[in-house]
Structures are given as C-alpha cells and as structure tokens.
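Student: Could you take me on a close look at a single part of this model? I would like one connected account that starts from an annotated site and works outwards.

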Amino acid sequence: MELECGQPELLKAISHTERIAGTNPTLPVLTCLLLETKKNELFIRSTNLDIGVESKIPALIKKEGVVAVPASIFYNTIQNISPHTKITVTSSNENITVKTPTSISTIKSFSVEDFPTIPPAPQEYSTIFQKKHFIEGITSVVYSASNTTIKPELSGVYIYPDGKNTIFVATDSFRLAEKSVVNTGDSNFPQSIIPYKNTLEVIRILEASDDDEVEIKINENQISFSIGRVYITSRLINGSFPDYKQIIPPSKKTEVIVLKDDFARVLKKLSIFTDSFNQITFIIDPKKKEVRLNAQSNNVGETKDGIDASISGDELDIRFNLKYLVDVLPHIHSDSIALVFNGPGKPLVIRGVSDDSFLYLVMPMNK
Amino acid sequence: MIDTKELWENALVEVELSISKANFSTWFKNTHIAKMDSGIVYIGVPNQFAKDWLAEKFHKMILKTLRGLAEEVRGVEYVITRDDKKRERERRDTRSQFTSNELPLENFYINKNDNLNPRYTFDTFVIGAFNQLAHAAAQAVTQKPGIVYNPLFIYGSTGHGKTHLIQAIGNHLKKQSDSRKVFYVTSERFTIDYITSMQEGKGNSFKEKYRQYDVLIMDDIQFLATKEKTQEELFHLFNALYDNNKQIIFSSDINPNQIPGLEDRLKSRFNAGMIADIPEPDPESRIAILRTKAAQNNFIIPEEIIEYIAGEVQGNIRELEGALNSLICQSQLKGKVLNQNEVRDILKNNAKPKKNVSPKEVIKRVSDFYEIDEQSIYEKTRKKEVVKPRQLIMYILREDFSISYPSIGEKLGGRDHTTVIHSCEKIKNDLKNDQILVQEVEQIRSLLK
C-alpha cells in the first residue's frame, strides 16, 4: 500500500476512529486501525465489537492495500506532525512507514487477517435526523443511564416515536430523564435502546462534523449513523424498556418554583458540605413561605441555606442525592425551574417552567 | 432428540483446537445453540459483529464440526440472542440504608414481543380452595401444551386472578423453551389489530402474525361479543392454531356459554377444551393471599390484623391488595405497626360504602331485571313470568338479608310463610342444575351492591 494525503484530513479521520480502538486483551488486532485503500479514497476503520466506525478521506493512492496499525501510536505520530504537511504512508511486510518531507517513522503493523468486518447499515428502516436535534435528545438524558449492566436495558438511551416528536429516555432506576425533540423526518422511529457509551461516541463524532443532517438506519439489533464521510454502527440493547410513564406522579402535593441560577448556586455551596452519600435535606414550609436546604458532613461542618421561591401545597421534609440534582441543571434551558414534590418516599419531578419537552424524576433518599 | 447443549460443547472443544486462542475467546464466548429445526442448527450469538464474522470466517468449520458430531445437521444459521443469564438481581442486600429509594420501574416491565408481564408467575400465584381447579388445569397445560385441555378457558369475576394465571402459563412456557413463541393479547387489542389491518389492506399480514404463535393467550374475550367479523377471524385463527396443536388460552368474566352475542361455533369450540372458573376467594384463601402479599412487600403484619382485613374486605383480590397497600403506606408514614382500631379506621375509608337496600328496592330491581311490572309481584297472579321473579326475590331476601320467612311473606302481598319456604327451597334446588339461573342471581346481586 502506498498513499499520499494532507495531515489535517488524516488526523481528523483518525481522531474519529482512534478512541474506539481501546485495549482488548483477547483479540489484540482490535487495538488497531484498519487502513484500506479503494480507488482514490482511504478508509480508516476501528471497532470494539460493540460499536464500529469507518471514516474515509480522499487520498492519492499509488498502490492499493490493507494494513492494521496500532491506533494510539499512529494517532500520536500523525498528531505531532505539523499541519499542512503532505504525508506519505507506505506499508511493507510487517511495518508501515510514515514519511513527511522532513521525517520518517516506521511503525510495526498487525496482520489484517483477524480484523473483523464492520456490519453494513441495516436496510429495514432509515430516516434523516437533524443533527442538532439528535445531539440535544441524547445529551439531555444520557447522564441518567445506568453505568452497570445488571439491568442491560437501563444501560442505554431509549428512543421511541411519539407523533411528530421523538422521545429520548434514560434511567438508572434512581432518577429518570426524558426529552422530546422534533423529528422533521419520519415519525416512525423504531423503539430502540442504544448503549449509553456508544451514544457518547456517536455524539462526539456528530459534533465534530460539519454536516447538519445525519442518516440513521435501524433494524432489530443494529443502528447506524452516516454523516459526511463517517459511518458509525452500534449494537442495540436487546430488551424492553420499562413502561416508565406509569411512575410519573400525576398529582402535585408540593410545588416550589425557583430561579435556576439561585438553585445552582445553593447546590454548589451545599456540595462543599455533603457527606459521602451526597445527602441534602429540603425543608419546605408553605405557611412561612420558606424553603431551606441543609447539608452536613462530619469532616467539614454544616450549612443551612434559604432560597427565594414561590411555594404551594403541603409542607415537607425530604432528602435527596445532591449529585442527581446538579446533573440535571445544565439541561434545563428555562430561567426558572419547577420542583414538584409528591410527599415522602415519592419521586420529585423537575421541569423547566413553560418547557414541556423535558422532564426529570428523582427518588428521595431514606433518612 | 439431540441434546443441543452437549452437541455445542463438543463442537467447541474441536473448534478450540483448530483456531487461535484469541479468536476462540473473542468469537465463541457467549454462543450457544438457540434451536435445531429440521437439520438446521441456529447458533445464538451476542451481536451483529459476531454474526457476520462467524458466518464469514468460521462457517465452513462450524458446519463441518457439527456434521461430524451429528449426522442430521444440514445447515447452520446465526441469530442474535439476548443473554438472560446475566440478569441476576442481588444488589439489594449490599445497598446501605442511606442510598436513594429506587423508582418503582420493576413493576412496569412488559415484554414487547409477547406482551407478558414477567411479574405474573406461578410462584406469586396464591392457591386456595377457590382457584384450585383453575390452577391445576393451568399446570396441566404447562406440562403438555397443546395436547391436554386445548383450549383452556378460565372465567371468573374481575380481580379474581384470571390474568395472573393465564400470564403465568405464558411465562412458564416461555421459560421452558426460548424458541417457543408465546403471545398475550387482550381481545380489545386483537379487535383493534384486526380493524387496522383491514383499513390498511394488510389482512394477510394480520393472519400471518397471529398464526405464527405456539401459544396464544387472549384475555377478556367477553368484549368480542357482537363484533361479528372479529369473531369470524378468531374462529379461523382458532382452527388454524388448533389443527397444529398450538395451545390456546382464553379468559372472560363469565362462562363462555353465557356471553351474549358470541357465535355458537365459537362457544362450541371453547367447550371442546377445559372450562375452569375462579369463584370468589373463600376466607382462608383471603388470609393466605394477604400473607403472601405482605411478605412480598417485606411488611410484617400481626396475624389478628390479617384475619380482620380478610373478614372486613370481602370483595375481590384487587380490593384486598388495595386495602393492604394503604395499610402499608400508613404504617410506614407513622413508623409503627398499627393496632386494630387504626386499621379499622383505614379500612372504613377504603371500603365501598355499603348501601342499605330495602326489600322494596330488591323487588324493584328484580322486576326491572325481568322486565315485569313491579305491581304484579304483590298480586295473586300465577303467571309463569311473574312466579319465578317472585320466588327469586324471596330467596334473595332470605339469603342475603336474613329476613324471617313470615315477614317476607307479609312484604310480598301477605303470603303464607310456608309459601316463602317452598320458594326458597325451589330456587336453591334449581341453582344446582340451572347455570343460567346462577348467572342471573349473580347479576342481580351485583345490581344490589
């Protein structure tokens, strides 16, 4: 194989694929990028058998071929070549050589024999999604997904259609986030659960792309994304997401409306004083028109903070994990937020005031 | 019949020797034989990557190895399956009391492929004298699906555990064999499905969809009454499944023979299998149910309180559960075990208000029910259409309201108490043989509640 291309294009293509190729003790070739030339394009692929990425760039191909090269070494080599340089990559026997006008590096390569194929895009369903909508949907909820695989179906972002909107949901069973975004394409987006780690990779690549639209194809087991010159395919989680609508409390026992910035500041202060369980206490007294938040830690001390709020409903004394409350704030775009409590032991509902597209549920902590 | 597990283990031993260790542990880990069907071995793999790679690189070797071990193997296919074994839930013990409560998601898992709620299993089904027969029939079906008791028809009033029982059969059959296609559908859903498919001109795909199942469970069949076209479709579906020895399970709130507007040909087919009813739970069963439900909620409740609730709440199981739930909630709030007085207060709020029904009311309701003139009950007429309701009124007044024979006679136009005794005896005897009469009495009683 012998090819010539510019440093910036090559670096960008590698950066899309390099992170996927991690450490894999059982099949070492998976730590590699697969470089393959076809006509006047260079294809760069990587996979961890959960997600696969293929990025292509135009290149001057002098001799066709395929080679597998350790991802991080190749990436770091190319990254530290000054931009706007022409790079020549040649493969020979067990090495590849990266040549610039001023340098020459030789990297040991792997046998391409064992490098798996990246599954082609499913044909069953396809749609065009506005990139920013898809990114918004995922990022608004993904932090709530479970990072263990005890319940596989909760370790992903659940996507399903609802009329003209597409709904994104994630939960780790202690809190749940739901975001509804407009899907200008097809309204029949099939129900699917994408592993949350893979959604992060997808978002990273989508954000780096200059295109505005992403083509999504889905079947029962696989989802693929095509944007610009990058193709991503991910496994879908095979399971059924719980019918979470039933746990959204229909009533309002105590409602507190606060300014988002005030709330964020108080939470930040409380975070200094929380113990290892991150526990904070809300004491809501509608008669005195007062909301107080307390946190204490044996090592640090304690703090009691009042917050300006409009309050209605019953009085309440309830505890939450601070982290769960902090997590959600960046994803609420309204100036003020509504905290709807439903009595002891029942989930707290958080929404942006006058924003119906986002919903967050948190379970309280025991005493 | 070949033991597929053993076959695959033997095959893996051979495969392991002929490929590199890296390849073996990457691609053959977490694989199994999902099923074998007329010579084709379906290998279950965890993801698309493995599916493509096995088919591309190792197909010949797998086929050859399998054929070497079992001659009848003609082909190999790969399917992506989920690994259920990982789903063990043991975390609960390790969690400290400080962590957050969980969202009660656990209760809302419904599998989209078969619509079964995994919560409904035989383990959680409380068996008492009242549902013994239905339970035994269900158990028999799980042992020989499609052969004994096909169709199985379970009927009983709302909240008596029909849905639980028939879903438990489905869940059990599914657990027995992964490849068995079980499907649970309510008759309402079935109707909607049918209508939509007709509107979209996809009648065939509707037929195909339902005909592929090995076990079809249809709930609340009484809603099909008067929907003639849907009934016809069900009739054909029934025949198709029945002829192939596929198990079919139905439920309704009354005996199929008494569902008005249900076609005779369907009724006769229901009668071909087993019809079991689940009547109202007896007091002992109510106690057993309460105990089980309390244990499921990790709630300790004194024996005398359980007996008290079982005596007070006489309705269906759902009402029992409701009463218990509000009890649990209250005692968690108060942080202590409630005493009998407090329990009584809670149940008072919970219980349906008992109406005081006067004998006059009974007479009115019954004569309305039989569409006769109320006045004729008091008269001395012996017309057949009046005599029966009149006897029924006497029976109900005696049985349900414990009014003395002479005073019943007095209230019904000054009849002798021996007449009343005779009437009550007659109805009692008739009830033993006349199913329709039993239904009528039940309906009248429910009108009076």
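Tutor: Gladly. The UniProt record, an unreviewed entry, places a "binding site" feature at G159(B), G161(B), K162(B) and T163(B). Please keep in mind that this is a predicted model, and that the annotation may be inferred rather than shown by experiment.

Let's begin with two of those positions. G161(B) sits in the loop that links β4 (152–155) to α6 (162–176) of chain B, while K162(B) belongs to helix α6 itself. Are these two buried or exposed? G161(B) has a relative accessibility of 18%, and because the cut-off for buried is under 20%, G161(B) counts as buried. K162(B), at 7% relative accessibility, is buried as well.

Their surroundings tell us where to go next. Leaving out residues up to four places away in sequence, G161(B) touches F125(B), I278(B) and I317(B). With its own neighbours within four places set aside, K162(B) contacts I154(B), Y155(B), G156(B) and S157(B), along with D220(B), S251(B), S252(B), D253(B) and I278(B). I278(B) is thus found in the contact list of G161(B) and in that of K162(B).

Two of the contacts of K162(B), S251(B) and S252(B), bring us to strand β7(B). Six of the six residues of β7(B) are buried, so this strand is mostly covered. Its side chains alternate: Q247(B), I249(B) and S251(B) point one way, I248(B), F250(B) and S252(B) point the other way, and all are buried. The two serines that K162(B) contacts therefore point in opposite directions from the strand.

What does β7(B) pair with? β4(B) runs parallel to β7(B) and is joined to it by four bridges; within that pairing, F153(B) has F250(B) as its bridge partner. β6(B) also pairs with β7(B) in the parallel sense, again over four bridges, and here the partner of L216(B) is I248(B).

The connection from β6(B) to β7(B) deserves a look of its own. β6(B), α9(B) and β7(B) make a right-handed β-α-β unit. The helix in the middle, α9(B), covers residues 228–243 and has 16 residues; at 1.5 Å a residue it should span 22 Å, and because its end C-alpha atoms are 22 Å apart, the two values agree. Several of its residues are buried, namely T230(B), Q231(B), E233(B), L234(B), F235(B), L237(B), F238(B) and L241(B). These buried residues pack against α7 (187–199), α8 (203–211) and α10 (264–272), and also against the strands β6 (215–219) and β7 (247–252) of chain B. Just after the helix, N245(B) takes a positive phi of about 60°.

Now back to the other strand that pairs with β7(B), namely β4(B). The loop between α5 (132–143) and β4 of chain B holds P151(B), and the peptide bond from N150(B) to P151(B) is cis, with omega near -5°. Beyond the strand comes the loop with G161(B), so you can follow the chain along β4 and on towards the annotated positions.

Another neighbour of this region is A276(B), in strand β8 (residues 274–277) of chain B. At 0% relative accessibility, A276(B) counts as buried. Not counting residues up to four places away in sequence, A276(B) touches L133(B) and A134(B), together with F153(B), I154(B) and Y155(B). F153(B) is the residue whose bridge partner in β7(B) is F250(B), and I154(B) and Y155(B) are also among the contacts of K162(B). The C-alpha atom of A276(B) lies 9.7 Å from that of Q132(B), although the two residues are 144 apart along the chain.

To set this part in its chain: chain B has 20 helices and eight strands, and 45% of its 449 residues are buried. Among its contacts with a separation of 6 or more, 68% join residues 24 or more positions apart. The area exposed by chain B is about 24,100 Å², with carbon and sulfur atoms supplying 49% of it.

Notes. Residues numbered from 1 in each chain as written. Chains lettered and ligands numbered in written order. Predicted model: local features only at pLDDT ≥ 70, side-chain atom pairs only at ≥ 80, totals over all residues. Heavy atoms only, no water. Helix = DSSP H or I, 4+ residues; strand = E, 2+ residues; numbered from the N terminus. Buried < 20%, exposed > 50% of the residue type's maximum accessible area, 1.4 Å probe, protein only. Contact = heavy atoms within 4.5 Å. Expected span 1.5 Å × (residues − 1). Pairing = 2+ DSSP bridges. Right-handed = clockwise from strand over helix to strand, strands pointing away. Areas by Shrake-Rupley, 256 points an atom, 1.4 Å probe, with all protein chains shown as cover.
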